[in-house]
Each structure stands twice: as C-alpha cells, then as structure tokens.
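Visitor: I am new to this structure, and I would like a close look at a single part of it. Could you take me through the place where the two domains meet?

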2 protein chains.
Amino acid sequence: MALIHHYPFCPHSRFIRIILGEMGMEPQFVEERPWERRMEFLAINPAGTTPVLIEDGGFVVSGAGVIAEYLDETRGLGMGDRRLLPESPAERAEIRRLMDWFLNKFHEEVSSYLVHEKIYKRFIPMSMGGGAPDMAMIRAARANIRYHLQYIGYLTSKRNWLAGDKLSYADMAAAAHLSTADYLGDVPWDEQPTAKEWYARIKSRRAFRSILNDRIPGMAPVSHYTNLDF
Amino acid sequence: MALIHHYPFCPHSRFIRIILGEMGMEPQFVEERPWERRMEFLAINPAGTTPVLIEDGGFVVSGAGVIAEYLDETRGLGMGDRRLLPESPAERAEIRRLMDWFLNKFHEEVSSYLVHEKIYKRFIPMSMGGGAPDMAMIRAARANIRYHLQYIGYLTSKRNWLAGDKLSYADMAAAAHLSTADYLGDVPWDEQPTAKEWYARIKSRRAFRSILNDRIPGMAPVSHYTNLDF
C-alpha cells in the first residue's frame with residue numbers, strides 16, 4: 001500500500017488527496033508538519049515540502065505536480081474516459097498551464113499567505129516565527145484572491161470545467177487551493193456566481209469528502225464550508 | 001515555424017532556449033519585457049510571464065515547465081536515446097522533481113531576486129518600482145545560492161548528470177537559472193568543484209552558445225562568463 005506524507009491544511013497535499021480519491025486509491029496517510037523540518041523527512045524530500053508519495057517498494061515521489069504526473073503515468077490509463085490528464089498534447093498543455101497557475105501563482109499570491117499566517121503560525125513556536133497573523137499579508141491575499149476568482153469566473157462562464165469539457169487536474173488544483181481559503185472564510189464567492197457554481201459541483205464529489213472533514217483545533221470553519229449547496 | 005516570446009535574461013526563457021537548441025529547433029524569437037505587462041501579451045498568456053511558445057497554427061503554450069512537457073510530447077520521441085525526459089515513470093519523477101526545484105524553489109529563493117533587482121529594475125521606470133537594486137534582496141539571494149550549489153555539488157558527486165546517468169531537463173533547468181546568476185558574478189563556484197565541473201560540461205554544449213552571447217547594455221558579464229573551461 002502506498003503511503004502519503006501530508007498536512008491536512010497544506011493546499012498541495014489536498015490536491016493529491018482529491019486525485020487519489022478520484023482514482024479510488026486508499027493509501028496510508030501520515031501527517032507531517034512541514035514547518036518542523038524534521039531531519040527524517042528532509043532525508044526523504046530535501047525540499048522539505050508536503051506532499052510526498054512513497055510507493056510500496058520504497059520509491060519516493062516528491063511534490064504535488066510531480067506526484068500528479070506520476071499518478072497519471074502509472075494509474076491514469078486505467079481510468080479510460082475519466083482520465084484526469086487526457087492524451088492529447090494540446091489538452092495536456094492547457095491543463096498543465098492551469099495546474100501551474102494554481103500550484104504556483106495562486107499559492108504564491110494567496111494560499112501560502114493565508115495558510116501560513118492563519119494556520120501554521122498557530123503551531124509554530126514564537127521563537128521560530130509563530131504567533132499572531134501578520135494582517136498586511138492577509139490583506140494582500142484577500143486583495144489578490146478577487147482577481148483569481150474573477151479568472152475562474154471567466155473560465156467557467158465559457159467552459160464546463162476549468163480546462164475544457166471534462167473534469168481534470170486543473171479543477172482539482174484550483175479547488176484544493178481554494179478550499180483552504182474557504183475554510184478561513186476568505187473567498188468572496190458572491191462576486192463570481194459561475195465560479196461558485198463550479199466549486200459547488202466539485203465540492204460535492206465523493207473525493208472531496210475527507211477535505212471537508214478536516215478541522216483545525218479551536219478554529220471552526222466558515223459556516224458554509226461543508227454545505228454542498230451554499 | 002514556431003515562435004517564442006522570451007526575455008534574454010529571464011531564466012525560464014533560457015531553459016526553453018536550451019531545450020530548443022538540444023532539439024535542433026530554430027523557432028523565431030520575439031523579445032518580450034514581461035514587466036511592461038503589455039495588453040497584447042496578457043491576451044496570449046494571462047499570467048503575463050515569459051516564455052510563451054506559439055505553434056505554426058496559432059496554438060499557444062505558456063510557461064517553462066508546460067512548454068518543456070509539450071515539446072517532449074510533440075518532439076521528444078524523435079530524439080530516441082537523446083530524449084531529455086525519458087520514458088520510465090521513475091526517471092521522469094526524479095527529473096521533474098529537480099525541474100520543479102530549479103524552476104520554482106531556486107527561482108523564488110535566488111534567481112528571481114537577482115534578475116529583478118540587478119537587471120529588470122534598470123529598465124523599469126522609477127515610478128513603477130525601478131531604480132537601484134535593493135541590497136537586502138541581493139544579500140538574501142547570495143546566502144541562498146550557496147545552499148543550492150551545495151545540493152548540486154552533492155548530486156554531481158554521486159551522478160553523472162543531475163537526475164542520473166543521462167543529460168535531462170533537470171540539468172537544463174538548473175543551468176538556465178544558474179547562468180543568469182553567473183552573468184552577475186553571484187555563483188561561488190569555487191565552493192563546489194563537482195558543481196563547477198558539471199556546469200563547465202553543460203555550458204560547453206552548442207545549445208548553450210546563444211545564452212553566452214546575451215549582453216545587458218552597459219553591464220558586462222563577470223570575466224569567466226563565456227570561458228568554457230573556467
């Protein structure tokens with residue numbers, strides 16, 4: 001059985017958890033707190049980031065985008081028409097462009113700020129940079145997310161799913177990152193009705209269920225978080 | 001004939017130029033100054049980043065990692081044994097891990113600071129944030145690069161090329177990003193002899209030649225920049 005090192009509120013980890021759910025895989029999950037920079041974990045992934053997939057035989061695959069490609073290459077063909085990274089180079093390029101957008105650009109401009117300031121810093125000792133969130137960072141993330149949501153609104157007004165007719169890795173990357181911001185109440189859904197309708201569809205999938213069950217001790221999610229028809 | 005929107009000192013653009021050179025492709029190159037955020041360019045790539053590949057028929061592929069995957073899928077098979085992203089999922093995972101390391105982590109911690117502060121800000125109007133480099137950013141980049149160079153030294157002491165026995169996208173991503181720092185004299189090569197020997201090998205390749213010919217007006221490269229046996 002494969003094993004996943006992840007952190008429940010790490011948006012990159014959530015991306016892989018949703019993919020695994022869609023693929024019907026049930027690996028073993030091990031919680032890793034990436035900010036602790038454990039030596040044993042750094043020996044597995046020198047970048048120190050979650051998620052990391054470890055195959056039965058011990059083969060290690062590190063990083064959300066890399067794991068997604070690896071899962072497609074080793075399990076994707078078996079999914080037939082439900083494959084999340086379809087065969088044509090043109091479709092793949094569009095899906096990867098959007099994966100890159102959410103895994104890197106959105107993360108850098110929105111989700112890394114929100115998750116680090118509001119969640120990780122609750123657990124990081126004061127002496128290591130933990131403590132109260134830096135409100136300037138949170139304001140920046142809240143300003144930036146509006147433009148990303150507008151882009152999702154634009155895409156979903158023209159397409160059934162983000163990258164085209166079919167559900168793909170692009171939707172999962174976007175939804176995984178948005179889900180962390182949504183827990184914190186930082187997604188202005190009402191500004192973009194088609195984006196909201198798209199998120200309600202992806203959130204209703206069985207593969208999303210475990211994401212909606214995650215809780216931060218002492219910090220409840222926004223009231224609509226688990227509401228599938230919000 | 002394909003067309004590439006690039007900026008000569010954008011490390012991501014250099015990565016794609018080296019790949020194109022290795023593949024023997026000679027597309028048309030159009031210089032784009034990404035900081036100008038031209039509306040026509042944003043219409044092609046909403047992320048506003050270089051490089052962008054436009055195929056003969058008008059199909060657009062945006063982003064260094066996405067273009068690299070697309071080139072492998074559309075041209076890689078024809079390279080046979082010289083393919084830069086070989087067939088086995090395990091080799092591909094290791095190459096992609098290192099691509100991600102240099103295209104994202106190294107960029108975020110080193111090359112984006114150096115290129116933005118020392119090069120781009122020479123051309124950005126003062127009113128738009130241009131002007132003298134922020135020395136705190138440059139000091140951070142110079143501190144960070146030592147740890148990345150150490151990692152390259154570690155890998156090249158155990159392997160022929162970064163990801164294994166054969167030259168791959170991993171070497172090109174690393175060399176492209178390092179080459180911008182090297183122009184500026186910010187790579188402490190003498191600290192890592194095996195990394196230096198690896199870079200001399202990749203720098204000697206024909207595909208690297210155009211990179212070594214780039215010049216910033218009024219800012220000469222460090223003396224060893226074009227020396228193939230430095």
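Guide: A salt bridge here is a side-chain nitrogen of Lys or Arg within 4 Å of a carboxyl oxygen of Asp or Glu, and the side chains of A:Asp81 and A:Lys166 meet in one, at 3.3 Å from N to O. This is a predicted model, in which local features need pLDDT of at least 70 and side-chain atom pairs count only at pLDDT 80 or more, while totals for chains, interfaces and linings use all residues. Residues are numbered from 1 along each chain as its sequence is written, chains are lettered from A and ligands numbered from 1 in the order in which they are written, and side-chain values use heavy atoms, with hydrogens and water left out.

The domain assignment, whose bounds come from an automatic or database source, divides chain A into domain 1 (3-82) and domain 2 (89-213). Their C-alpha centres lie 19 Å apart, and the contact (heavy atoms within 4.5 Å) takes 23 residues from domain 1 of chain A and 26 residues from domain 2 of chain A.

Between these domains about 2,300 Å² is buried, 65% of it from carbon and sulfur atoms, where buried area is the accessible area (1.4 Å probe) that two parts lose on being put together, summed over both. On the side of domain 1 of chain A, A:Phe9, A:Ile18 and A:Trp35 lose the most area to domain 2 of chain A, together 27% of what that side buries. The count of salt bridges between domain 1 of chain A and domain 2 of chain A is four.
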